[in-house]
Amino acid sequence: AGLSVRRENVEEFRRRIQAYCGEHLTDTALTPEMSVDCELTAEDITLETANDLYCLEPYGTSNPVPLFCIRNMPLLDVTGVSGGKHTKILAGNRNAPVTAMYFGRPLADMELDAGERADIVFQLDINEFQGRRQVQMLVRDMDFTEDTYAELEEGEKAYCDICEGRIGEGDLPERADFKAVY
């Protein structure tokens with residue numbers, strides 16, 4: 001923060017800075033933001049595109065690594081790697097899946113699973129293993145799609161309606177409905 005505080009004043013400083021933050025900082029201000037350089041489609045995620053990005057190197061403070069996003073990407077498989085420390089995702093089309101590595105995100109912390117769709121923020125990279133080069137996504141963040149959020153809100157509203165008695169008996173699922181789902 002660019003300041004010095006005498007040791008005997010640390011507790012008072014801590015109290016005052018917390019009070020200031022409580023008054024002036026909102027949840028929105030505390031939410032980290034990422035600037036995405038470009039939205040891609042599944043067809044854009046190719047070895048050729050990743051190779052072209054190497055021309056922009058070296059990356060650093062004045063030349064950050066380009067960040068991309070893709071919306072509504074199908075998740076084909078989600079598995080833990082390196083003893084569960086990281087997550088490996090197969091995404092996209094079953095005929096030409098793309099590997100996405102989410103380093104630092106254990107499988108246990110993943111909110112999304114295979115069969116769902118996600119909006120993903122990522123870097124494009126090339127994985128070289130046993131003489132084979134493949135494009136891969138290095139995931140920086142991922143979340144439910146807008147459609148999924150809308151479905152979740154709709155379900156939550158329906159749940160509240162049921163709990164508060166705003167839905168009649170005939171609108172509730174019957175035993176046969178549960179049996180069919182099971």
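What radius of gyration does the protein chain have, and what would a compact globule of 182 residues have? In this predicted model, the protein chain comes out at 23 Å, whereas a compact globule of 182 residues would sit near 16 Å. The C-alpha trace stretches over about 65 × 60 × 35 Å along its principal axes. As for what is tucked away, 24% of the 182 residues count as buried. The accessible surface adds up to about 13,800 Å², and carbon and sulfur atoms hold 49% of that. On the charge side, the chain carries 18 positive and 35 negative charges, and the mean positions of these two sets lie 8 Å apart.

Next comes the order of the elements. The protein chain has five helices and six strands. Reading from the N terminus, they follow one another as α-α-β-α-β-β-β-β-β-α-α. Contacts often bridge long stretches of the chain: taking those between residues at least 6 apart in sequence, 56% link residues that are at least 24 apart.

The pairing of the strands can be followed from β1 onward. Strand β1, residues 38-39, runs parallel to β2, and two bridges hold the pair together. Here glutamate 39 has cysteine 69 of β2 as its bridge partner. Strand β2 (residues 68-81) also pairs with strand β3 (residues 86-93), this time antiparallel and through six bridges. One of the matched pairs is glycine 80 with threonine 87 in β3. Four residues sit between the strands in this β2 and β3 hairpin, and serine 82 there adopts a positive phi near 55°.

Strand β2 has yet another partner in β5 (residues 117-129), to which five bridges connect it in the antiparallel sense. Two matched positions show how the strands line up: phenylalanine 68 faces phenylalanine 122 in β5, and methionine 73 faces alanine 118 in β5. Strand β5 in turn pairs with strand β6 (residues 132-144), again antiparallel, over twelve bridges. Alanine 118 turns up here too, standing opposite phenylalanine 144 in β6. So what sits across from alanine 118 is methionine 73 in one pairing and phenylalanine 144 in the other. The β5 and β6 hairpin leaves two residues between its strands, and glutamine 130 takes a positive phi near 55° in it.

Two residues are worth a look for how they are covered. Is glutamine 136, in strand β6, buried or exposed? Glutamine 136 counts as buried because its relative accessibility is 9%, which falls under the 20% cut-off. Leaving aside residues up to four places away in sequence, glutamine 136 touches Val98, Thr99, Met101, Gln123, Leu124, Asp125 and Asn127. Among them, Gln123, Leu124, Asp125 and Asn127 fall within the residue range of β5, 117-129.

Glutamate 48 offers the contrast. This residue belongs to helix α3, which covers residues 47-53. Because its relative accessible area is 59%, glutamate 48 is classed as exposed, the cut-off for that being over 50%. Glutamate 48 and isoleucine 126 are separated by 78 residues in sequence, and their C-alpha atoms are 9.9 Å apart in space.

Technical notes. Residues are numbered from 1 along each chain as its sequence is written. This is a predicted model: local features need pLDDT of at least 70, side-chain atom pairs count only at pLDDT 80 or more; totals for chains, interfaces and linings use all residues. Side-chain values use heavy atoms; hydrogens and water are left out. The radius of gyration is taken over C-alpha atoms; the globule rule is 2.2 Å times the number of residues to the power 0.38. Buried means under 20% relative accessible area, exposed over 50%, partly exposed in between (1.4 Å probe, protein chains only). Contact means heavy atoms within 4.5 Å. Accessible areas come from the Shrake-Rupley method with a 1.4 Å probe; for residues, only the protein chains shown count as cover. Lys and Arg count as positive and Asp and Glu as negative; His and the chain ends are not counted. The place of a charge is taken as NZ of Lys, CZ of Arg, CG of Asp or CD of Glu. Two strands pair if DSSP finds at least two bridges between them.
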